[in-house]
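Visitor: I'm new to protein structures and would love a close look at just one part. Could you take me through it slowly?

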Amino acid sequence: MENANRVPFNGTKEQKEQLLEVIAELKDTKGCLMPIMQKAQDIYGYLPYEVQKMISDELEVPLEKIYGVATFYSMFNLYPKGKYRISVCLGTACYVKGSGEIYAKLQEKLGIEGGQCTPDGKFSLDACRCVGACGLAPVMMVNDEVYGRLTPDDIDGILAKYD
């Protein structure tokens, strides 16, 4: 789980207390792990190592199991999302028109991999399967703004809008 691009964990005392309260409330319920992890993500916005460790310690469940659940289900995020959430469509229409190159260029420019956030918390990058704008392929979104008919050369100009 360690990564050079990892954003430092900045959990608060209030968040920790809130999580411990949720765990205490649900820990004796059969099948409590997923609901606790969902609440933890609601509290922190993602499930960093430190939060997974708290859940592991409180439930006396191996950390590997929590990490396995967090990485198996796409609803869980191991990294925080940036102020500007970039999502590149890798669905068929976009992919055949070059969205893979767009995605690769963004990884290179931002210095992160898919699913990660830049160390300054400004940008996060994800792939998605379809945004319903196939006629504009290839497409990416920055928060709710759709950019279509992209080439890798468009990336610098788009990123500059968010500086």
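Which residue forms a salt bridge with D126, and how far apart are the closest N and O atoms?

Guide: Happy to help! This is a predicted model, in which local features need pLDDT of at least 70 and side-chain atom pairs count only at pLDDT 80 or more, while totals for chains, interfaces and linings use all residues. Residues are numbered from 1 along each chain as its sequence is written, and side-chain values use heavy atoms, leaving out hydrogens and water.

The partner of D126 is K81, with the closest N and O atoms 2.8 Å apart. D126 sits in strand 2 (residues 123–128) and K81 in the loop between helix 4 (63–72) and strand 1 (84–89), so their salt bridge ties together parts that are 45 residues apart in sequence. Here helices (H or I, at least four residues) and strands (E, at least two) are DSSP runs, numbered from the N terminus.

How open are these two? D126 has 23% relative accessibility and K81 has 29%; D126 is partly exposed, and K81 is partly exposed too. Buried means under 20% relative accessible area, exposed over 50%, and partly exposed in between (1.4 Å probe, protein chains only).

A salt bridge means a side-chain nitrogen of Lys or Arg within 4 Å of a carboxyl oxygen of Asp or Glu. By that rule, the model has five salt bridges. Another of them joins D163 and K122, whose closest N and O atoms are 2.9 Å apart. D163 lies in the segment after helix 7 and K122 in the loop between helix 6 and strand 2, so this pair connects parts 41 residues apart in sequence. D163, at 72% relative accessibility, counts as exposed.
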